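Student: Before we begin, I should like to examine how the labels attached to a structure follow from its geometry. May we take them one at a time?

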Amino acid sequence: MLDINKIRADFPILSQKVNGKPLVYFDNGATSQKPQVVIDAISKYYQEINANIHRGVHTLSQLATDAYEISRGKIQNHINAKFSHEVLFTSGTTHGINLVTNGFASILKEGDEVLVSALEHHSNIVPWQMLCEKTGAVLRVIPMNHEGELIMEEFDKLLSSKTKIVTVNHISNALGTVNPIKYMIDKAHEVGAAILIDGAQAVPHLKPDVQELDCDFYVFSGHKICGPTGTGILYGKEAWLNKLPPYQGGGEMIKEVSFEKTTYAELPHKFEAGTPNVAGGIVLGTAIDYMNEVGFDNIQQQEKELLEYGTKRLLEIEGLKIFGTAKEKTSVISFNIEGIHPYDIGTIVDKLGIAVRTGHHCAQPIMTFFDIPGTIRASFAFYNTKEEIDIMVAAIKRAQMMLS
Ligand SMILES: Cc1ncc(COP(=O)(O)O)c(C=O)c1O
């Protein structure tokens, strides 16, 4: 069991007041808060070992290189990748997806098909659309039902020998649906297609095992798991990473350069051109250590209780409708209140110290499906409490009274 007071004391921002009220932070889907160990690790890096990596023979450069590679190893262990060179540092999920779509531009041909799910964040739609425009491949959409679940019978029908890659999130940021990715991975492989899993919303809640899943690519962002912004990971199977061309050209990603021809470095450096976010990469390892110390069983238990309690309490509000009622769901509650624009609720509760997200959550097709402009989204983390949910519910009731 979590000692919630001890956990909350790890996050200095949680004891802050916003607009004169104690902060209730329910925008964890957008980004997580950072524990003191992560904040300290950033300043320790700049105070003690700041240097460029993989380049210098001097001591600081070696210390920084070692710390960066140790962090890569921690992430390898965390997601159970077979090799550390299958773990690429990126600036986030968006970067990871674009790296893959850029690579597939040299693989796809006219008439090939890319399957994308109806539940995606824009960053897992637009790069694939751009890829299809470039190559003449066709984008097909795996539809969803009114609970916010992907329809597996339709997915099965869409798969064919034309399918070259499938892309789907592990967990939806807008609705919280946990997708049946193991089934989808196996089915994609049956027709010879690759599959990318957008794990941006999954890694805060669970530990993915990429070998057991057998996915070809798994991407996520560091800032959603207590790590710094501008960090992320693209896991790719070795064979795929060897097959894809480099994403960016520059320093570090080369073996030899001449004006006639350049040869590329081995993995992972082939995909890590230029000076990376050294501090960020190192501290992402610290964040993952922290999450593991809290323990994913504890995290899941706490978040399950928050989801159940939050759903029950919110449904007490008259005229409130929840979007996303999938059987498999994590700690996101997206909702609207009849006759009130989500933005107005968001603005009023902010004045009461409560941070929720309002709008389309970078998932406009989902809003179009439900025929709504957007929702109010409360997304929980393991450091949230039931008392905070009570504060939010009271604030929403107050906002509802003011607005109706
Ligand atoms: C499911 C999902 N995919 C992709 C992203 C994009 O992540 P980033 O902005 O960190 O690149 C997000 C961010 O909210 C997300 O929730």
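Student: What makes the charged end of Lys 386 count as sitting over the ring of Tyr 309?

Tutor: This is a predicted model. In it, the charged end of Lys 386 is 5.6 Å from the centre of the Tyr 309 ring and sits over that ring. The distance criterion is within 6 Å of the ring centre, together with an angle within 35 degrees of the ring normal.

Student: Why is the pair of Phe 104 and Phe 217 called edge-to-face?

Tutor: Their planes stand at 75 degrees, with ring centres 6.3 Å apart. Centres within 6.5 Å make a pair, and planes over 60 degrees apart make it edge-to-face, so the label follows. The pair joins Phe 104 in helix H4 to Phe 217 in strand S9, 113 residues apart.

Student: How do you know whether Phe 104 is buried or exposed?

Tutor: Its relative accessible area is 1%, and buried means under 20%, so Phe 104 is buried. Phe 217, at 0%, is therefore buried by the cut-off of 20% as well.

Student: What makes Tyr 218 and Phe 220 an aromatic pair, and of which kind?

Tutor: The centres of Tyr 218 and Phe 220 are 6.4 Å apart and the planes are at 65 degrees, which makes the pair edge-to-face.

Student: How do you know that Thr 94 makes a polar contact with the ligand?

Tutor: A polar side-chain atom of Thr 94 lies 2.5 Å from a ligand oxygen atom, and the cut-off is 3.5 Å. For Ser 221 the corresponding distance is 2.7 Å, and for His 223 it is 2.8 Å. The protein covers 85% of the 390 Å² of accessible area that the ligand has on its own.

Methods:
Residues are numbered from 1 along each chain as its sequence is written. This is a predicted model: local features need pLDDT of at least 70, side-chain atom pairs count only at pLDDT 80 or more; totals for chains, interfaces and linings use all residues. Side-chain values use heavy atoms; hydrogens and water are left out. A polar contact is a pair of N or O atoms within 3.5 Å; within protein, one must be able to donate a hydrogen and the other to accept it, and residues adjacent in sequence count only if both atoms are side-chain atoms. Accessible areas come from the Shrake-Rupley method with a 1.4 Å probe; for residues, only the protein chains shown count as cover. Rings of Phe, Tyr and Trp (its six-membered ring) pair if their centres lie within 6.5 Å; planes under 30 degrees apart count as stacked, over 60 as edge-to-face and the rest as tilted. Helices (H or I, at least four residues) and strands (E, at least two) are DSSP runs, numbered from the N terminus. Buried means under 20% relative accessible area, exposed over 50%, partly exposed in between (1.4 Å probe, protein chains only).
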